[in-house]
Amino acid sequence: MADHGHGDRARGFTLIELLIVITILAGLMAVLLPNLWGVSESTKETTTETTMLRLESGCRTFADKHGYFPPDDLRWPEPEKKAQWKSDNGQNTGIESLVCFLSQSRQDGQDLGDLTNQLVNTDKDDHGVDLPLLKRKDRVEIADAWGTPLAYFGKFGLDRQQTIAIDENETTVAKAKKRDDGRVFGEGRGQLLSAGRDRIFGTADDLVSPKN
Ligand SMILES: [Ca+2]
Ligand SMILES: [Ca+2]
Ligand SMILES: [Ca+2]
């Protein structure tokens with residue numbers, strides 16, 4: 001009987017110890033996980049903003065050379081220049097157009113070839129011809145760090161909503177983000193917009209460039 005009682009106490013003690021350990025671990029996770037989550041989310045924000053700044057600088061280089069900002073409709077504004085590529089399916093057109101125009105020459109734009117992880121093609125379309133710098137036919141767009149294609153509104157397209165393909169089966173609509181005074185960010189230049197961590201356009205976590 002005595003042994004039996006001792007055994008019960010030993011088992012009970014082990015269970016209590018186990019519970020304490022579980023409680024401590026749960027407490028640690030509750031403290032640490034949101035921090036780790038927060039760090040990775042802010043890293044993604046930084047990555048996305050860096051990409052947008054780079055595209056913005058590409059836009060300025062392009063504008064210095066051509067006298068206008070890259071179009072968001074895959075059409076050359078100069079009537080004598082005729083696009084060699086196919087017309088678009090109406091999805092991701094703004095950002096596809098930006099990639100296309102920045103990729104025409106290194107002097108006029110930016111070689112985006114090293115953005116491998118961010119070059120996506122969620123609407124699975126193609127140009128029909130190779131882009132000069134990227135040397136690929138698929139009509140790629142640039143995604144933010146959460147995998148949603150960025151929206152690019154050109155100078156004359158800031159009041160036009162765009163259809164963005166989240167993936168092959170889901171599309172959403174993006175509108176240029178407005179400042180508190182009701183004017184759009186990037187007025188007179190153009191705007192880049194990320195849907196942010198919630199992957200929904202038009203919510204508070206959206207990232208915009210330029211910031212004025
Ligand atoms: Ca498209
Ligand atoms: Ca595409
Ligand atoms: Ca959002």
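The radius of gyration of this protein is 25 Å, whereas a compact globule of 212 residues would come out near 17 Å. Keep in mind as you look around that this is a predicted model. The C-alpha trace tells you more about the outline: along its principal axes it spans about 100 × 40 × 30 Å. Of the 212 residues, 31% are buried. Among contacts between residues at least 6 apart in sequence, 59% join residues that are at least 24 apart.

Now for the parts list. The protein has two helices and seven strands. Starting at the N terminus, you meet them in the order α-α-β-β-β-β-β-β-β. Helix H1 covers 2–66 and helix H2 covers 93–102, with a loop between them that holds Leu74.

Next, the sheet. Three of the strands build an open sheet, ordered E3-E6-E7, with antiparallel pairing. Its edges are strand E3 (151–154) and E7, each of which pairs on one side only. On average, neighbouring strands here are turned by 15° against each other, with direction ignored. How many bridges join E3 to strand E6? There are four, and E6 itself takes in residues 190–194. If you would like one spot to find by eye, look for Phe153, which stands opposite Gln191 in E6.

A few places in the backbone also deserve a visit. Two residues that are not glycines have a positive phi, and they are set side by side here.

| Residue | Phi | Where it lies | C-beta atoms within 10 Å |
|---|---|---|---|
| Leu74 | about 60° | loop between helix H1 (2–66) and helix H2 (93–102) | 19 others |
| Lys135 | near 50° | loop between strand E1 (119–120) and strand E2 (141–142) | 9 neighbours |

Are these two residues buried or exposed? Leu74 is partly exposed, because its 19 other C-beta atoms within 10 Å fall short of the 20 needed for a buried residue but exceed the 12 allowed for an exposed one. Lys135 has 9 C-beta neighbours inside 10 Å, so Lys135 counts as exposed, the limit being 12 or fewer.

The last stop is a peptide bond. Which two residues are joined by a cis peptide bond? They are Ser209 and Pro210, and omega there is about 0°. Pro210 sits in the segment after strand E7, which runs over 207–209. That brings you back to the sheet, where E7 is one of the edge strands.

Note on methods:
Residues are numbered from 1 along each chain as its sequence is written. Chains are lettered from A and ligands numbered from 1 in the order in which they are written. This is a predicted model: local features need pLDDT of at least 70, side-chain atom pairs count only at pLDDT 80 or more; totals for chains, interfaces and linings use all residues. The radius of gyration is taken over C-alpha atoms; the globule rule is 2.2 Å times the number of residues to the power 0.38. Two residues are in contact if their C-beta atoms, placed from the backbone, lie within 7 Å. Two strands pair if DSSP finds at least two bridges between them. Axes are lines fitted to C-alpha atoms, for helices over the stretch in contact, and angles run from 0 to 180 degrees between N-to-C directions.
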